[in-house]
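Biologist: I have the sequence and the coordinates open beside me, and I would like to go through them with you step by step. Could we take one question at a time, with the reasoning spelled out?

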Amino acid sequence: MERKTPGMLGRARAVGLNKRADRRVGEAVIGTLLLLCALVSVVTTVAVVYSIAEETFQFFREVSVVEFFTSRVWTPLFENQNFGIAPLVLGTLMVTSIACVIGLPLGLGAAIYLAEFAGDRTRRTVTPILEVLAGIPTVALGYFALLFVTPVIRDLIPGVNLFNPLSAGFVMAFLILPTVTSISVDSLRAVPRSLREAGYGLGASKFELITRVVVPAALSGIIASFILAISRAIGETMIVTLASGGRPNFTFDPRQEMATMTAFIVQAGTGDQAAGSLGARSLYAVAAVLFTITLVLNILSQQVVRRFSEKYE
Amino acid sequence: MKASLSAPAGAARRPGKRLVSAEEARRLAARTRAGRIFAVVTFIPVVLAVALVGVLLLDTLLDTVSWQIVEPSSSTSGESFPWSAAPLGGREVIRLDLAAQGETPEDVQAFMNDPEELRLFEARGRIELMWRTEDGPFRWVVTNSRDDSVADIGLFGVNAYLSELRGELAEDVEDLDPAEGGLLGRLQGADLDGLFNRFANIGLLSSTLGEDQNLYLNPWLDLSFLTKNASRTPVVAGLKVALLGTLWVMGLVILITLPTGVGAAIYLEEYAPENRFSRLLELNIRNLAGVPSIVYGILGLYVFVRLAQIGPTILSAALTLSLLVLPVVIIAAREAIRAVPSTLRQASYGLGATKWQTVSEVVLPNAVGGIVTGVILAIARAIGETAPLLLVGAVGFIAYPPNGPFSRYTVIPSQIYNWIAENDVEFAHVASAGIIVLLALLFVLYGVAFYLRRRFERSW
């Protein structure tokens, strides 16, 4: 795309047009082309919203919104169709909470260690390993959850189903850990030296300095990292599809099989539902809920950073 | 940093003698100790994360090997070859086996060049690394694939196998001969329930073997794994179809995202006026980067597969993944462009260059390292994506490699997903072999990105 232009300029010169005017035209053409590239992202957003909204709208012409949000049975792919998204939302919440209970403190702890205690060498060794952890394909993590973590958990805790949110949540904790750590490290290290020195000057110990000065000062970044991690956990698909199972189950017992919203989308999207059938449309309705939740969380995390971050100049 | 670290410790020590009461000194010591404990506590997550990566890699790698007990009389072709004769296994063992059967070198070569003959050979027989044979340890043997006396067992399945054997022996305890009776005694004395005594029990496993039994080690990951087509039989299933699918999809993704992503980045950094519209563009890109990947799958399913009627083809997959990684490419390219100092641009303008001449001759050449690194990292992310592609067609059994953008396809991660979903012990081994290949591919990409980042790193 960019290559064309010198050619155009060259040809124009040969024809003998006014160089300056031609240049201006060429520049304008290039500017427009580049703008078009940038507009692809806008088109993507519109397409995402449109593709979800269109089918969701069709879905809610046949299914009542009240049933969708209040019923506790979700069987859109069966003969006797029921459309209550509650079990899927509960499944997602269950896996996400388990992942957060383990992953958020671990991620923050690792961030504090890397930012405040670790020497240069440790930091240079550990950071790439965390990047590798973040880069492991989720299908590999799902395999690990199903075939390694689940047997171990079933050995330790009696009555755990083969598919369960426990092992999915445990492995997902390590998926979100690098997200929390990398963003939190950045915001911890951004806390200015003067604040630290003031803290020491007041007689604070290292522990007191970190918990009373550094972490509060970096809180906006830490909270933003938590929200992003939660959003990532909610949208994660392969680990839960493989390890948490596909049967929607309205229960608060994490030993039972529980389907999440994303697992259902995979299940419905890879099944042989006829396009346009109510079963196929339910996929878009679930996606609408998922998309809304993650979008709200993403905007929230940006707001947290903008509103509450303290500028030190 | 270092200086401010030592300050409180010194402050605590100095007044310890006279100025501070014993009570207060104790409190000071406790406060210092709290800091040390805190350092250890925050170090634990780092250890856990590193350990998890290690355990995951080790477990997956160990899963690519399985063992089984086979009666040689019924299953081997009678010849075995030392491991060192064909360290990579696969084709080389076939060649050795054919030669051992008395084929001339020309016939062997003709056989090896005929894919149909090879396919039949691989469908009938399986190449196994024998752990213990009468000829010695670690030898290759070609066996018949229908001859298994025991199903494949993972390295961690030792306890399960032994307790099953114990149950069988205990059932007909009257008919046991003395040797089997002794074995039963040993088995009853062993602890077969714990998580961590599997390794100790491997020795016990060896002693359960009868005179005519051999212990096989099956490596599921060898070179032939990359060249075998897909199959419904685990032992002959290979990664070729998925590997070519991944290469096709990634090639197209690079073709689409490189110009678009860099173009958008140039626009945002160099051309975009400071107004609401530009801010909206930026906000939009940042939010797109946070959309779950499965949602892109729905977009691909609705827009490319159904509306545009491209169908579940390579092109649909490439377009879907391109939209998925575009925000990543844009963000990386913008950072690289922003790192080029504005003095260079001003110098270029000063020489009378137009905006585009400045961008193409000055800015881009100086930002190329960062851009390429960003694109490679984005591609690495796209290669590992499974969920969106499951919705746009990379699902189900694809027997033959793709031959163009409009052919049906599968990619490595979705092939792995399908193997895991088979819910079969042997397919789980195939899946682990696939995961190792995928991880190796990613590590190569990360390595290249890391190298380029170093190579092009410059300070202004």
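Biologist: To begin with chain B, in which helix is B:P105 found?

Modeller: Please keep in mind throughout that this is a predicted model. B:P105 has a relative accessibility of 61% and counts as exposed, and its C-alpha lies 9.0 Å from that of B:R95, ten residues away in sequence. The helix that holds B:P105 spans residues 105–113 of chain B, and its name is α5.

Biologist: How many helices does chain A have, and how many strands?

Modeller: Read along the sequence, the pattern of chain A is written with α throughout: α-α-α-α-α-α-α-α-α-α-α-α-α. Among contacts in chain A with a separation of 6 or more, 72% are between residues 24 or more positions apart, and 53% of the 313 residues count as buried. The count for chain A is 13 helices and zero strands.

Biologist: What area do chain A and chain B bury between them?

Modeller: The size of an interface is often given as the accessible area lost when the parts come together. Here 88 residues of chain A are in contact with 80 residues of chain B, and carbon and sulfur atoms account for 76% of the buried area. For chain A and chain B that area is about 7,400 Å².

Biologist: Which residues form the salt bridge between chain A and chain B?

Modeller: Side chains of opposite charge can pair when their charged atoms come close. Between chain A and chain B the count is one salt bridge, and its closest N and O atoms are 2.7 Å apart. The two partners are A:E208 and B:R31.

Biologist: Which helix gives the largest share of the side of chain A that touches chain B?

Modeller: Across this interface, ten residue pairs are found in polar contact. By class, the side of chain A that touches chain B has 55 nonpolar, 21 polar and twelve charged residues. The largest share of that side, 21 residues, comes from residues 19–62 of chain A, which form helix α2.

Biologist: Which residue is joined to B:N287 by a polar contact of 3.2 Å between side chains?

Modeller: B:N287 sits in helix α12 of chain B, residues 276–289, and counts as buried because its relative accessible area of 11% is under 20%. Leaving out residues up to four places away in sequence, B:N287 touches A:L295, A:N298, A:I299 and A:Q302. The side chain that makes the 3.2 Å polar contact with B:N287 belongs to A:Q302.

Biologist: How many residues apart in sequence are the parts that A:R281 and A:E62 tie together?

Modeller: A:R281 and A:E62 form a salt bridge, with the closest N and O atoms 3.7 Å apart. A:R281 lies in helix α13 (residues 278–308) and A:E62 in helix α2, both of chain A, so the pair ties together distant stretches of sequence. A:R281 is buried at 14% relative accessible area, whereas A:E62 counts as exposed at 52%. The parts that the pair ties together are 219 residues apart.

Biologist: In B:E385 and B:R381, which side of the salt bridge is buried?

Modeller: The closest N and O atoms of this salt bridge are 3.7 Å apart. B:R381 is partly exposed, with a relative accessible area of 31%. The partner with a relative accessible area of 11%, which is buried, is B:E385.

Technical notes:
Residues numbered from 1 in each chain as written. Chains lettered and ligands numbered in written order. Predicted model: local features only at pLDDT ≥ 70, side-chain atom pairs only at ≥ 80, totals over all residues. Heavy atoms only, no water. Contact = heavy atoms within 4.5 Å. Buried area = accessible area lost by both parts, 1.4 Å probe. Salt bridge = Lys/Arg side-chain N within 4 Å of Asp/Glu carboxyl O. Polar contact = N/O pair within 3.5 Å; in protein donor to acceptor, adjacent residues only side chain to side chain. Helix = DSSP H or I, 4+ residues; strand = E, 2+ residues; numbered from the N terminus. Nonpolar A, V, L, I, M, F, W, Y, C, P; charged D, E, K, R; others polar. Buried < 20%, exposed > 50% of the residue type's maximum accessible area, 1.4 Å probe, protein only.
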